[in-house]
Amino acid sequence: MERRRIALCLCLMLASTQADEALAELWWKPTRTQINASDSFHVPVAIRNGQGMELILAPPGNFLIGSPKNERDRKLNEGTLHLVSITRPFYVQADEVSQAEWYEVMGRNPSNLLEAGDDAPVESISWFDAVVFCNKLSILEGLEICYRVENMQMECHFCQNRISVHEKTCPICGAVLRTSSRPIYGSIQSARVTFLGLGRNGYRLPTEAEWEYACRAESITAYSFGAQLLPEHANFKGSLPPPDPGGSTDWGTSVPGRSYEANTWGVYDMHGNVEEWCWDRYAHYPEAARRVDPVGPDSGDGRIKRGGNWGKASNYCRSARREHAPAALGFPTVGLRVVRSVIAEE
Ligand SMILES: [Zn+2]
(Lines give C-alpha, C1' and ligand atoms only; values in the text may rest on other atoms or scores of the structure.)
Protein backbone atom coordinates (compact mmCIF):
# COMPACT_ATOMS: atom_id res chain seq x y z
CA MET A 1 0.00 0.00 0.00
CA GLU A 2 2.76 2.36 1.05
CA ARG A 3 4.73 1.49 -2.05
CA ARG A 4 1.73 2.16 -4.24
CA ARG A 5 1.28 5.56 -2.65
CA ILE A 6 4.91 6.42 -3.33
CA ALA A 7 4.54 5.30 -6.93
CA LEU A 8 1.46 7.48 -7.27
CA CYS A 9 3.33 10.45 -5.82
CA LEU A 10 6.18 9.92 -8.26
CA CYS A 11 3.68 9.78 -11.10
CA LEU A 12 2.09 13.05 -10.05
CA MET A 13 5.50 14.67 -9.72
CA LEU A 14 6.41 13.51 -13.19
CA ALA A 15 3.12 14.74 -14.57
CA SER A 16 3.58 18.17 -13.04
CA THR A 17 7.14 18.60 -14.25
CA GLN A 18 6.54 17.13 -17.68
CA ALA A 19 5.19 20.33 -19.18
CA ASP A 20 8.54 21.95 -20.00
CA GLU A 21 11.49 20.20 -21.53
CA ALA A 22 14.86 21.91 -21.96
CA LEU A 23 16.02 21.77 -25.56
CA ALA A 24 19.48 20.30 -26.03
CA GLU A 25 19.73 21.01 -29.73
CA LEU A 26 19.24 24.59 -30.76
CA TRP A 27 18.54 26.08 -34.17
CA TRP A 28 20.55 29.23 -33.51
CA LYS A 29 23.65 30.28 -31.55
CA PRO A 30 22.44 31.95 -28.34
CA THR A 31 23.86 35.40 -27.63
CA ARG A 32 26.03 36.11 -24.60
CA THR A 33 23.10 37.95 -22.98
CA GLN A 34 20.87 34.89 -23.42
CA ILE A 35 23.50 32.57 -21.93
CA ASN A 36 24.12 34.94 -19.01
CA ALA A 37 20.40 35.12 -18.25
CA SER A 38 20.13 31.34 -18.52
CA ASP A 39 23.00 30.95 -16.03
CA SER A 40 21.89 33.56 -13.52
CA PHE A 41 18.20 32.59 -13.47
CA HIS A 42 18.89 28.84 -13.70
CA VAL A 43 16.53 28.34 -16.64
CA PRO A 44 17.17 26.79 -20.07
CA VAL A 45 17.84 29.06 -23.02
CA ALA A 46 15.11 27.22 -24.93
CA ILE A 47 12.23 25.00 -23.88
CA ARG A 48 9.49 22.91 -25.45
CA ASN A 49 6.18 22.95 -23.59
CA GLY A 50 3.68 20.13 -23.20
CA GLN A 51 1.96 21.13 -26.46
CA GLY A 52 5.22 20.96 -28.40
CA MET A 53 5.55 24.74 -28.69
CA GLU A 54 9.13 25.98 -28.53
CA LEU A 55 10.13 29.11 -26.65
CA ILE A 56 13.41 30.97 -26.31
CA LEU A 57 14.75 33.00 -23.41
CA ALA A 58 14.66 36.78 -23.76
CA PRO A 59 17.20 38.17 -21.29
CA PRO A 60 16.43 41.21 -19.14
CA GLY A 61 17.94 44.42 -20.50
CA ASN A 62 17.47 47.93 -21.82
CA PHE A 63 16.67 48.92 -25.36
CA LEU A 64 15.62 51.94 -27.39
CA ILE A 65 12.01 51.62 -28.51
CA GLY A 66 10.79 53.42 -31.62
CA SER A 67 12.68 54.63 -34.68
CA PRO A 68 15.33 57.31 -35.19
CA LYS A 69 14.24 60.43 -37.08
CA ASN A 70 16.29 59.45 -40.11
CA GLU A 71 14.78 55.96 -40.52
CA ARG A 72 13.22 55.58 -43.94
CA ASP A 73 9.39 55.36 -43.97
CA ARG A 74 9.13 55.94 -40.22
CA LYS A 75 5.82 57.18 -38.87
CA LEU A 76 5.29 59.85 -36.24
CA ASN A 77 3.63 57.46 -33.82
CA GLU A 78 6.93 55.60 -33.48
CA GLY A 79 7.80 58.50 -31.20
CA THR A 80 11.09 59.86 -30.05
CA LEU A 81 13.50 57.04 -29.38
CA HIS A 82 13.39 56.36 -25.66
CA LEU A 83 14.77 53.82 -23.26
CA VAL A 84 12.71 50.85 -22.10
CA SER A 85 13.93 48.60 -19.32
CA ILE A 86 12.81 44.98 -19.33
CA THR A 87 13.70 43.98 -15.79
CA ARG A 88 12.86 40.29 -15.86
CA PRO A 89 13.61 37.51 -18.34
CA PHE A 90 10.72 36.00 -20.27
CA TYR A 91 10.17 33.17 -22.69
CA VAL A 92 8.92 34.09 -26.13
CA GLN A 93 7.52 31.57 -28.56
CA ALA A 94 9.99 31.03 -31.40
CA ASP A 95 7.08 30.82 -33.85
CA GLU A 96 3.70 32.32 -34.41
CA VAL A 97 0.97 30.09 -32.96
CA SER A 98 0.18 27.63 -35.73
CA GLN A 99 -3.23 26.50 -36.93
CA ALA A 100 -2.54 23.04 -35.47
CA GLU A 101 -1.55 24.48 -32.07
CA TRP A 102 -4.66 26.63 -31.97
CA TYR A 103 -6.84 23.63 -32.85
CA GLU A 104 -5.30 21.52 -30.07
CA VAL A 105 -6.10 24.14 -27.46
CA MET A 106 -9.39 25.57 -28.73
CA GLY A 107 -11.00 22.64 -30.55
CA ARG A 108 -11.55 24.56 -33.77
CA ASN A 109 -9.51 26.29 -36.45
CA PRO A 110 -10.97 29.66 -37.45
CA SER A 111 -8.27 30.43 -40.03
CA ASN A 112 -9.17 31.68 -43.48
CA LEU A 113 -5.96 30.53 -45.12
CA LEU A 114 -6.49 26.80 -44.57
CA GLU A 115 -4.49 25.92 -47.68
CA ALA A 116 -1.39 27.38 -46.04
CA GLY A 117 -1.48 24.27 -43.84
CA ASP A 118 -1.39 23.18 -40.20
CA ASP A 119 2.04 24.71 -39.62
CA ALA A 120 1.04 28.10 -40.96
CA PRO A 121 0.00 30.67 -38.37
CA VAL A 122 -3.56 30.77 -37.11
CA GLU A 123 -5.35 33.98 -38.17
CA SER A 124 -8.80 35.51 -38.33
CA ILE A 125 -8.95 35.56 -34.55
CA SER A 126 -10.11 38.51 -32.50
CA TRP A 127 -7.90 39.95 -29.77
CA PHE A 128 -10.37 38.48 -27.26
CA ASP A 129 -9.91 35.03 -28.82
CA ALA A 130 -6.14 35.45 -28.42
CA VAL A 131 -6.48 36.25 -24.73
CA VAL A 132 -8.74 33.26 -24.13
CA PHE A 133 -6.25 31.04 -25.98
CA CYS A 134 -3.50 32.18 -23.60
CA ASN A 135 -5.60 31.34 -20.55
CA LYS A 136 -6.58 27.92 -21.89
CA LEU A 137 -2.96 27.15 -22.69
CA SER A 138 -1.91 28.15 -19.16
CA ILE A 139 -4.52 25.81 -17.69
CA LEU A 140 -3.42 22.94 -19.95
CA GLU A 141 0.18 23.48 -18.85
CA GLY A 142 -0.67 23.75 -15.14
CA LEU A 143 0.34 27.43 -14.93
CA GLU A 144 -1.33 30.52 -13.51
CA ILE A 145 -3.72 32.33 -15.84
CA CYS A 146 -2.71 35.89 -16.70
CA TYR A 147 -6.13 37.33 -17.51
CA ARG A 148 -9.48 37.54 -15.80
CA VAL A 149 -12.04 37.31 -18.60
CA GLU A 150 -15.67 38.06 -17.81
CA ASN A 151 -18.89 38.49 -19.72
CA MET A 152 -17.68 36.95 -22.99
CA GLN A 153 -19.98 37.61 -25.90
CA MET A 154 -19.96 36.35 -29.45
CA GLU A 155 -21.97 37.15 -32.53
CA CYS A 156 -24.84 34.79 -33.39
CA HIS A 157 -24.07 33.39 -36.84
CA PHE A 158 -27.71 33.64 -37.78
CA CYS A 159 -29.03 36.98 -36.50
CA GLN A 160 -25.70 38.74 -35.84
CA ASN A 161 -26.73 39.88 -32.37
CA ARG A 162 -24.22 39.68 -29.56
CA ILE A 163 -24.96 36.89 -27.12
CA SER A 164 -23.16 35.12 -24.30
CA VAL A 165 -20.66 32.48 -25.44
CA HIS A 166 -22.33 30.06 -23.01
CA GLU A 167 -25.63 29.94 -24.92
CA LYS A 168 -26.49 26.71 -26.72
CA THR A 169 -29.44 28.31 -28.47
CA CYS A 170 -29.55 31.95 -29.55
CA PRO A 171 -31.91 33.76 -27.09
CA ILE A 172 -32.78 36.29 -29.79
CA CYS A 173 -33.43 34.28 -32.96
CA GLY A 174 -33.70 30.79 -31.48
CA ALA A 175 -31.03 29.25 -33.73
CA VAL A 176 -29.29 26.18 -32.38
CA LEU A 177 -25.63 27.18 -31.98
CA ARG A 178 -24.12 23.86 -31.01
CA THR A 179 -25.38 20.37 -30.86
CA SER A 180 -22.71 18.62 -28.84
CA SER A 181 -20.82 19.34 -25.66
CA ARG A 182 -17.79 20.50 -27.60
CA PRO A 183 -16.85 24.09 -26.80
CA ILE A 184 -17.55 25.41 -30.25
CA TYR A 185 -18.35 29.05 -30.57
CA GLY A 186 -17.60 31.87 -32.93
CA SER A 187 -15.11 34.62 -32.49
CA ILE A 188 -15.40 36.46 -29.18
CA GLN A 189 -16.64 39.97 -29.86
CA SER A 190 -16.54 41.50 -26.41
CA ALA A 191 -15.48 40.71 -22.87
CA ARG A 192 -14.18 42.44 -19.79
CA VAL A 193 -10.49 41.52 -19.63
CA THR A 194 -8.27 42.29 -16.65
CA PHE A 195 -4.51 41.72 -16.91
CA LEU A 196 -3.34 40.05 -13.71
CA GLY A 197 0.23 41.25 -14.15
CA LEU A 198 3.73 40.32 -15.27
CA GLY A 199 4.27 38.40 -12.03
CA ARG A 200 2.15 35.44 -13.16
CA ASN A 201 3.90 32.44 -14.69
CA GLY A 202 1.28 31.57 -17.31
CA TYR A 203 0.97 32.27 -21.02
CA ARG A 204 0.02 35.71 -22.23
CA LEU A 205 0.33 38.10 -25.13
CA PRO A 206 3.57 40.06 -25.20
CA THR A 207 3.39 43.68 -24.17
CA GLU A 208 4.17 45.98 -27.06
CA ALA A 209 7.59 46.70 -25.51
CA GLU A 210 8.35 42.99 -25.07
CA TRP A 211 7.36 42.41 -28.67
CA GLU A 212 9.70 45.05 -30.08
CA TYR A 213 12.46 43.95 -27.70
CA ALA A 214 12.23 40.34 -28.93
CA CYS A 215 11.92 41.47 -32.54
CA ARG A 216 15.02 43.66 -32.36
CA ALA A 217 17.03 41.05 -30.42
CA GLU A 218 19.71 43.65 -29.70
CA SER A 219 19.57 45.22 -33.18
CA ILE A 220 19.04 48.95 -33.68
CA THR A 221 18.37 48.87 -37.42
CA ALA A 222 15.02 49.15 -39.20
CA TYR A 223 14.77 45.35 -39.28
CA SER A 224 16.38 42.79 -37.01
CA PHE A 225 18.37 41.69 -40.06
CA GLY A 226 19.71 45.16 -40.88
CA ALA A 227 18.64 48.23 -42.82
CA GLN A 228 16.77 46.20 -45.44
CA LEU A 229 14.40 43.26 -45.44
CA LEU A 230 15.51 40.70 -48.02
CA PRO A 231 13.53 37.82 -49.57
CA GLU A 232 15.26 35.23 -47.35
CA HIS A 233 14.27 37.08 -44.17
CA ALA A 234 10.51 37.16 -44.22
CA ASN A 235 7.21 36.58 -45.96
CA PHE A 236 6.16 40.06 -47.07
CA LYS A 237 4.72 41.50 -50.25
CA GLY A 238 7.55 41.52 -52.70
CA SER A 239 9.62 38.94 -50.88
CA LEU A 240 9.73 36.61 -53.86
CA PRO A 241 11.62 37.57 -56.97
CA PRO A 242 9.08 37.84 -59.79
CA PRO A 243 9.03 34.63 -61.87
CA ASP A 244 8.75 36.76 -64.97
CA PRO A 245 8.80 40.50 -65.59
CA GLY A 246 5.51 41.94 -64.48
CA GLY A 247 4.54 38.70 -62.75
CA SER A 248 3.54 38.12 -59.15
CA THR A 249 6.02 39.34 -56.57
CA ASP A 250 4.51 37.75 -53.51
CA TRP A 251 2.95 34.61 -52.10
CA GLY A 252 -0.31 36.35 -51.30
CA THR A 253 -0.81 34.14 -48.24
CA SER A 254 0.71 33.09 -44.96
CA VAL A 255 3.33 30.32 -45.06
CA PRO A 256 4.40 27.64 -42.55
CA GLY A 257 6.58 28.82 -39.65
CA ARG A 258 10.36 28.63 -40.06
CA SER A 259 10.20 29.12 -43.82
CA TYR A 260 12.59 32.05 -43.31
CA GLU A 261 15.61 32.86 -41.13
CA ALA A 262 15.42 33.29 -37.36
CA ASN A 263 16.66 36.51 -35.77
CA THR A 264 19.68 36.73 -33.42
CA TRP A 265 17.69 35.34 -30.48
CA GLY A 266 16.27 32.44 -32.48
CA VAL A 267 12.83 33.93 -33.14
CA TYR A 268 11.11 33.41 -36.49
CA ASP A 269 8.68 35.54 -38.49
CA MET A 270 8.82 38.72 -36.43
CA HIS A 271 8.74 40.53 -39.77
CA GLY A 272 5.90 39.55 -42.09
CA ASN A 273 3.83 36.35 -42.38
CA VAL A 274 1.06 37.48 -39.99
CA GLU A 275 0.87 40.45 -37.65
CA GLU A 276 0.69 39.57 -33.97
CA TRP A 277 -1.72 40.82 -31.34
CA CYS A 278 -0.06 42.42 -28.31
CA TRP A 279 -1.58 43.22 -24.92
CA ASP A 280 -1.39 47.01 -25.10
CA ARG A 281 -4.09 49.47 -25.98
CA TYR A 282 -2.97 51.91 -28.66
CA ALA A 283 -1.99 55.50 -27.93
CA HIS A 284 1.03 57.69 -28.61
CA TYR A 285 3.99 56.76 -26.44
CA PRO A 286 4.08 58.84 -23.25
CA GLU A 287 6.75 61.54 -22.92
CA ALA A 288 9.31 59.75 -20.83
CA ALA A 289 13.07 59.45 -20.75
CA ARG A 290 12.82 55.86 -19.60
CA ARG A 291 9.99 53.39 -19.01
CA VAL A 292 10.24 50.27 -16.89
CA ASP A 293 8.33 47.12 -17.92
CA PRO A 294 5.58 49.18 -19.61
CA VAL A 295 2.21 47.51 -20.17
CA GLY A 296 0.65 50.30 -22.22
CA PRO A 297 -1.92 53.00 -21.49
CA ASP A 298 -5.10 52.43 -19.45
CA SER A 299 -7.25 53.68 -22.29
CA GLY A 300 -6.68 53.88 -25.99
CA ASP A 301 -7.76 53.01 -29.46
CA GLY A 302 -8.15 49.25 -29.94
CA ARG A 303 -5.22 46.91 -29.38
CA ILE A 304 -1.69 46.86 -30.78
CA LYS A 305 -0.72 44.48 -33.56
CA ARG A 306 2.89 44.26 -34.65
CA GLY A 307 5.24 42.88 -37.25
CA GLY A 308 3.65 43.43 -40.64
CA ASN A 309 2.15 40.67 -42.75
CA TRP A 310 2.23 38.73 -46.01
CA GLY A 311 0.18 41.37 -47.79
CA LYS A 312 2.33 44.38 -46.93
CA ALA A 313 5.55 45.82 -48.34
CA SER A 314 8.70 45.66 -46.23
CA ASN A 315 8.41 49.15 -44.74
CA TYR A 316 5.20 48.06 -42.99
CA CYS A 317 7.16 45.19 -41.40
CA ARG A 318 9.80 47.38 -39.69
CA SER A 319 10.67 46.61 -36.04
CA ALA A 320 9.32 49.96 -34.84
CA ARG A 321 6.12 49.98 -36.92
CA ARG A 322 2.98 50.31 -34.77
CA GLU A 323 -0.47 49.25 -35.91
CA HIS A 324 -3.74 48.76 -34.05
CA ALA A 325 -7.23 47.43 -34.61
CA PRO A 326 -10.49 46.99 -32.71
CA ALA A 327 -10.24 44.02 -30.35
CA ALA A 328 -13.41 42.42 -31.78
CA LEU A 329 -12.07 42.06 -35.29
CA GLY A 330 -10.21 39.18 -36.90
CA PHE A 331 -8.14 39.40 -40.08
CA PRO A 332 -6.46 36.80 -42.30
CA THR A 333 -3.32 38.85 -41.74
CA VAL A 334 -3.28 38.82 -37.92
CA GLY A 335 -2.43 36.01 -35.49
CA LEU A 336 -0.42 35.83 -32.28
CA ARG A 337 2.70 34.60 -30.53
CA VAL A 338 2.69 33.83 -26.80
CA VAL A 339 5.16 34.75 -24.06
CA ARG A 340 5.64 33.74 -20.43
CA SER A 341 7.32 35.57 -17.54
CA VAL A 342 10.22 33.72 -15.92
CA ILE A 343 9.39 33.79 -12.24
CA ALA A 344 12.33 33.22 -9.89
CA GLU A 345 11.59 30.29 -7.57
CA GLU A 346 11.45 30.96 -3.83
ZN1 LIG B 1 -29.43 34.67 -33.26
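**A tour from the four-stranded sheet to the core**

Begin by selecting the open sheet of four strands, whose order is E14-E13-E11-E15 and whose pairing is mixed; two strands pair if DSSP finds at least two bridges between them, and helices (H or I, at least four residues) and strands (E, at least two) are DSSP runs numbered from the N terminus. At the edges are strand E14 (323-325) and strand E15 (334-335), each of which pairs on one side only. This is a predicted model, in which local features need pLDDT of at least 70 and side-chain atom pairs count only at pLDDT 80 or more, whereas totals for chains, interfaces and linings use all residues. Residues are numbered from 1 along each chain as its sequence is written.

Next, select strand E11 (residues 275-281) together with strand E13 (residues 303-306), which pair in the antiparallel sense over three bridges, and find Trp277 standing opposite Lys305 in E13. Then add helix H5 (residues 208-216), which lies across E11 and E13 and runs at about 140 degrees to E11; axes are lines fitted to C-alpha atoms, for helices over the stretch in contact, and angles run from 0 to 180 degrees between N-to-C directions. Two residues are in contact if their C-beta atoms, placed from the backbone, lie within 7 Å.

Move now to strand E3 (residues 54-58), where five of the five residues are buried, so the strand is largely enclosed by the rest of the structure. A residue is buried if 20 or more other C-beta atoms, placed from the backbone, lie within 10 Å of its own. In a regular strand the side chains alternate between the two faces of the sheet. Both faces of E3 are covered, with Glu54, Ile56 and Ala58 buried on one side and Leu55 and Leu57 buried on the other.

Add the partners of E3: strand E2 (residues 46-48) pairs with E3 in the antiparallel sense over three bridges, and Ile47 stands opposite Leu55. In the hairpin of E2 and E3, with five residues between the strands, Gly52 takes a positive phi near 85 degrees. Strand E6 (residues 90-93) runs antiparallel to E3 and is joined to E3 by four bridges, with Phe90 as the bridge partner of Ala58.

Finally, select Ile56, Val92, Ala130, Val131, Cys134, Ala214 and Val267, which touch the most other members of the 68-residue largest nonpolar core. Its largest share, eight residues, comes from helix H4 (residues 127-140). Such a core is a set of buried Ala, Val, Leu, Ile, Met, Phe, Trp, Tyr and Cys residues joined through C-beta atoms within 7 Å.

Conventions. A residue is buried if 20 or more other C-beta atoms lie within 10 Å of its own, exposed if 12 or fewer, and partly exposed in between; C-beta atoms are placed from the backbone.
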